[in-house]
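Biologist: Thanks for making time today. Could you walk me through this model, one question at a time?

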Amino acid sequence: MTATDVIRYLALVDRRMFIIEHSGMSWQPEYGPELESIDQELVDLRKVIDAEHIRRKGHKCKK
């Protein structure tokens, strides 16, 4: 997992939380597709995160 992956993940989570927190009465139709896109990218990045956790756990066990 690269620093770019981490930064992208955090930016996506931040944007998602902003939309959810602030959209209430000012919901705009474009938020729906944007949230879907964010969620899909987060799913993809989650796979990278999980693989990194497995890699690190395996590395610790070999010591």
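Biologist: Let's start with Arg8: what is its relative accessible area?

Modeller: This is a predicted model, so local features need pLDDT of at least 70 and side-chain atom pairs count only at pLDDT 80 or more, while totals for chains, interfaces and linings use all residues. Residues are numbered from 1 along each chain as its sequence is written, and side-chain values use heavy atoms, with hydrogens and water left out. Buried means under 20% relative accessible area, exposed over 50%, and partly exposed in between, with a 1.4 Å probe and protein chains only. Arg8 is in the partly exposed class, and its relative accessible area is 38%.

Biologist: Which residue does the side chain of Arg8 meet in a salt bridge?

Modeller: A salt bridge here needs a side-chain nitrogen of Lys or Arg within 4 Å of a carboxyl oxygen of Asp or Glu. For Arg8 the N to O distance is 2.7 Å. The partner counts as partly exposed at 26% relative accessibility, and it is Glu41.

Biologist: How many residues apart in sequence are the parts that Glu41 and Arg8 tie together?

Modeller: Helices (H or I, at least four residues) and strands (E, at least two) are DSSP runs, numbered from the N terminus. Arg8 sits in helix 1 (residues 3-23) and Glu41 in helix 2 (residues 31-61). The pair therefore ties together parts whose separation in sequence is 33 residues.

Biologist: Asp39 and Arg8 are 31 residues apart in sequence, so to speak; how far apart are they in space?

Modeller: Asp39 is another residue of helix 2, and it counts as partly exposed at 29% relative accessibility. From C-alpha to C-alpha, its distance to Arg8 is 13 Å.

Biologist: How many salt bridges does a search of the whole structure find?

Modeller: The Glu41 and Arg8 pair is one of them. Another is between Glu52 and Arg55, with N to O at 2.7 Å. The search of the whole structure gives a total of six.

Biologist: Which residues are linked in a network of salt bridges?

Modeller: Glu52 and Arg55 lie three residues apart in helix 2, about one turn of the helix. Arg56 also forms a salt bridge with Glu52, with the closest N and O atoms 2.9 Å apart, and these two lie four residues apart in helix 2, again about one turn. The network consists of Glu52, Arg55 and Arg56.

Biologist: Is Glu52 buried or exposed?

Modeller: Its partners first: Arg55 is partly exposed at 48%, and Arg56 is exposed at 51% relative accessibility. Glu52 has a relative accessibility of 10%, so its class is buried.

Biologist: What kind of aromatic pair do Trp27 and Tyr31 make?

Modeller: The search of the whole structure finds one aromatic pair. Rings of Phe, Tyr and Trp (its six-membered ring) pair if their centres lie within 6.5 Å; planes under 30 degrees apart count as stacked, over 60 as edge-to-face and the rest as tilted. Trp27 is partly exposed at 44%, whereas Tyr31 is buried at 12%. Their ring centres are 5.3 Å apart and their planes are at 70 degrees, so the pair is edge-to-face.

Biologist: How far does helix 1 reach from its first C-alpha to its last?

Modeller: The expected span of a helix is 1.5 Å times one less than its number of residues. Helix 1 has 21 residues, and its reach is close to the expected span. That reach is 30 Å.

Biologist: Which are the buried residues of helix 1?

Modeller: Ala3, Ile7, Leu10, Asp14 and Glu21 are exposed, and they sit on the other side of helix 1. The buried residues of helix 1 are Leu12, Ile19 and Ser23.

Biologist: How wide is the arc they cover around the axis?

Modeller: The arc is that of the directions from the helix axis to the C-beta atoms. The buried residues are on the same side of helix 1, because their arc is only 35 degrees.

Biologist: How much accessible area do Met1, Val6, Leu10 and Val48 have together?

Modeller: Patches are made of residues with over 30% relative accessible area and no salt bridge, joining like charges within 9 Å and nonpolar side chains (Val, Leu, Ile, Met, Phe, Trp, Tyr) within 5 Å. Accessible areas come from the Shrake-Rupley method with a 1.4 Å probe, and for residues only the protein chains shown count as cover. Val48 lies in helix 2. Together with Met1, Val6 and Leu10 it forms a nonpolar surface patch, with an accessible area of about 310 Å².
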